[in-house]
Amino acid sequence: MSLAKKLWLYLIMTKSEVFDVFQKFKILVEKQSGKSIKILRTDGGGEYTSKVFEKFCEDNGVVHEVTAPYTPQHNGLADRRNRSLLDMTRSMIKLKKLSNTFWGEAVRTAAYILNRCPTKKLDQIPKKIWTGCNQSAKHLRVFGSLCYMHIPDAKRRKLGDKSEPIYWLAIMKQVHTG
């Protein structure tokens, strides 16, 4: 199933959340794929090297490989995907002249798009490989586009505006401009 090249993205506030997120991720992936995680390769950051994390990996048969410091090339695919995510995120934010506070929405959108684009190696769509379902791009919208949200009659006055401007920042999320 590793050939699927699918991205899972979790936004966290602090590195201390990594262990809980990994536990949830492991359960999700193993239930969906019917296979177990065998190897976890990390950069040796403290969030991955705690005794609790190491014990969890050991108890669950996960080999924890730690790459040499400052050598992202040792984790090739993950490094390239991270670079793609960051390049896309930076481009979306800069193109629409948005505040960097919207990085979370931008990186989620980038991951969503990458999961629906064919990979060079497989020439297939990761989401389709993972789920077995055909994927459509009809629902996609341009990130950061100005759009207008309808204001229901009950929430406006007789001469009030019927809509208000908002920015389209993700697949299913809008942010008010005012």
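## Helices, a parallel strand pair and a pocket

In helix α4, the buried residues are Gly-104, Glu-105, Ala-106, Val-107, Thr-109, Ala-110, Ala-111 and Leu-114. The structure discussed here is a predicted model, and the description below moves from this helix to its partner helix, then to the strands and the pocket.

Helix α3, which covers residues 76-95, has its own set of buried residues, namely Gly-76, Arg-81, Leu-85, Thr-89, Met-92 and Ile-93. These buried residues of α3 pack against α4, which covers residues 103-114. For both helices the distance from the first C-alpha to the last is close to the span expected at 1.5 Å a residue, as the table sets out.

| Helix | Number of residues | First to last C-alpha | Expected span |
|---|---|---|---|
| α3 | 20 residues | 28 Å | 28 Å |
| α4 | 12 residues | 16 Å | 16 Å |

The loop between α3 and α4 holds Lys-97, a residue that comes just after α3. Its phi is near 55°, a positive value in a residue other than glycine. Lys-97 counts as exposed because its relative accessibility is 76%, and the cut-off for that class is over 50%.

Leu-7, by contrast, lies in the segment before α1. With a relative accessible area of 15%, Leu-7 falls under the 20% limit and is therefore buried. When neighbours within four places in sequence are left aside, Leu-7 is in contact with Arg-81, Leu-85, Ala-111, Leu-114 and Asn-115. Of these partners, Arg-81 and Leu-85 are among the buried residues of α3, while Ala-111 and Leu-114 are among those of α4. Leu-7 and Gly-61, for their part, are separated by 54 residues in sequence and by 22 Å in space, taken from C-alpha to C-alpha.

The strands come next. Strand β1, formed by residues 39-42, has side chains that alternate, with Leu-40 and Thr-42 buried and pointing to one face, whereas Ile-39 and Arg-41 point to the other face and are not buried. In a regular strand the side chains alternate between the two faces of the sheet. Strand β1 runs parallel to β2, which is made of residues 63-66, and 4 bridges join the two strands. Between β1 and β2 the chain passes through helix α2, residues 51-59, and this β-α-β crossover is right-handed. Within the pairing, Ile-39 stands opposite Val-63 in β2, and Thr-42 has Val-66 of β2 as its bridge partner.

Several of these elements also contribute to the largest pocket, whose volume is about 2300 Å³. The lining of this pocket consists of 47 residues, and those that lie nearest its centre are Phe-25, Leu-40, Arg-41, Asn-75 and Ala-78. Leu-40 and Arg-41 both belong to β1, where Leu-40 points to one face and Arg-41 to the other. At least two lining residues come from each of α1 (residues 18-33), β1, α3 and α4, and α3 gives the most, with 8 residues.

Methods:
Residues are numbered from 1 along each chain as its sequence is written. This is a predicted model: local features need pLDDT of at least 70, side-chain atom pairs count only at pLDDT 80 or more; totals for chains, interfaces and linings use all residues. Side-chain values use heavy atoms; hydrogens and water are left out. Buried means under 20% relative accessible area, exposed over 50%, partly exposed in between (1.4 Å probe, protein chains only). Helices (H or I, at least four residues) and strands (E, at least two) are DSSP runs, numbered from the N terminus. Two strands pair if DSSP finds at least two bridges between them. A crossover is right-handed if, with the strands pointing away from the viewer, the path from the first strand over the helix to the second runs clockwise. The expected span of a helix is 1.5 Å times one less than its number of residues. Contact means heavy atoms within 4.5 Å. On a 1 Å grid over the protein atoms alone, a cavity is a set of points where a 1.4 Å probe fits but cannot get out, and a pocket is an open set with protein on both sides within 12 Å along at least five of seven lines; lining residues have an atom within 4 Å of a point. Grid points are joined across faces, edges and corners, and a volume is the space filled by probe spheres set on the points.
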